[in-house]
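This report introduces a protein chain to a reader who has not met it before. The sequence and the structure are shown first, and a description follows.

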Amino acid sequence: MARYLAQIIVMGAQVVGRAFARALQQEFAASQAAAKARSSAGQHSAAASSITGMSLQEAQQILNVSTLTPEEIQKNYEHLFKVNDKTVGGSFYLQSKVVRAKERLDEELSIQTQQQSKQSQQNTET
């Protein structure tokens, strides 16, 4: 009886070990893919994400913008900021998320304008 119990325990440990190893491999592959995507997005954008603690996609989802136009960002920001004001029954947490999202998108807009000005300077020099 003890022998069968020991075999069951060993087999269970092997199954769990294999599943853990497989999950670890999948996680490693996913982190490699994410790192590759971040590096292709640009160093400035990655730095802005780490500073604000929010990715560009998350900021766009929060403010419900698909294109980075200052007018659309400002319009949606003002609306969501007013709706989530604590004095009208809104959530301070959501309001702070809206502010952080706007900061992230503003940072991305400034990065894009800097890149465009560098490109235009390079084009005029050649």
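Helices are DSSP runs of H or I with at least four residues, numbered from the N terminus. By this rule N76 belongs to helix α4, which covers residues 70-83.

## Overall organisation

The model described here is predicted. The chain contains 5 helices and 0 strands, and from the N terminus on its elements follow the order α-α-α-α-α.

Of the 126 residues of the chain, 17% count as buried. The chain exposes about 9,600 Å², and carbon and sulfur atoms supply 58% of that area. Among contacts between residues at least 6 apart in sequence, 56% join residues at least 24 apart.

## Helix α5

Helix α5 comprises residues 92-125. Its 34 residues, at 1.5 Å a residue, should span 50 Å, and the C-alpha atoms at its ends are 49 Å apart, which agrees with that expectation. The N-terminal end of α5 is capped by S91, which has a side-chain oxygen 3.3 Å from the backbone nitrogen of Y93.

The buried residues of α5 are Q95, V98, A101, K102, R104, L105, E108, L109 and I111. Residues with charged side chains thus appear in this list beside others, and K102 is one of the buried residues. K102 counts as buried because its relative accessibility is 13%, where the cut-off is under 20%. Setting aside residues up to four places away in sequence, K102 touches L63, I73, Q74 and Y77.

## Helix α3 and the residue that follows

Helix α3 covers residues 56-63. L56, A59, Q60 and L63 are its buried residues. Seen down the axis of α3, these residues fall within an arc of 100 degrees, so they line one face of the helix. The face turned away from this buried side carries the exposed residues Q57 and Q61. Just after α3, N64 takes a positive phi of about 55 degrees.

## Contacts around L63 and N76

How is L63, at 0% relative accessibility, classed: buried or exposed? L63 counts as buried. This residue of helix α3 is in contact with I73, N76, Y77, L80, V98, A101, K102 and L105, leaving aside its neighbours within four places in sequence. Among these partners, N76 lies in helix α4, and V98, A101, K102 and L105 are buried residues of α5. The C-alpha atoms of L63 and Y77 are separated by 6.3 Å, although the two residues are 14 residues apart along the chain.

N76 is buried as well, with a relative accessible area of 15%. Not counting residues up to four places away in sequence, N76 touches L63, N64 and V65. N76 of α4 therefore meets both L63 and N64, the latter being the residue with the positive phi just after α3.

## Salt bridges

Side chains of opposite charge can pair when their charged atoms come close. A search of the whole structure finds 4 salt bridges; three are described below.

One salt bridge joins E58 and K97, with the closest N and O atoms 3.5 Å apart. E58 lies in helix α3 and K97 in helix α5, so this pair ties together parts that are 39 residues apart in sequence. E58 is partly exposed at 28% relative accessibility, and K97 is partly exposed at 25%.

Two further salt bridges lie within α5. R100 pairs with E103, the closest N and O atoms being 3.0 Å apart. R100 and E103 are 3 residues apart, about one turn of the helix. An α-helix has 3.6 residues a turn, so residues three or four places apart point the same way. R100 is partly exposed, with a relative accessible area of 38%, and E103 is partly exposed at 37%.

The other pair is E108 and R104, whose side chains meet at 2.9 Å, N to O. These two residues are 4 residues apart in α5, a separation of about one helical turn. Are the members of this pair buried or exposed? Both E108 and R104 are buried, whereas R100 is partly exposed and E103 likewise.

Methods: Residues are numbered from 1 along each chain as its sequence is written. This is a predicted model: local features need pLDDT of at least 70, side-chain atom pairs count only at pLDDT 80 or more; totals for chains, interfaces and linings use all residues. Side-chain values use heavy atoms; hydrogens and water are left out. Buried means under 20% relative accessible area, exposed over 50%, partly exposed in between (1.4 Å probe, protein chains only). Contact means heavy atoms within 4.5 Å. Accessible areas come from the Shrake-Rupley method with a 1.4 Å probe; for residues, only the protein chains shown count as cover. The expected span of a helix is 1.5 Å times one less than its number of residues. A polar contact is a pair of N or O atoms within 3.5 Å; within protein, one must be able to donate a hydrogen and the other to accept it, and residues adjacent in sequence count only if both atoms are side-chain atoms. The arc is that of the directions from the helix axis to the C-beta atoms.
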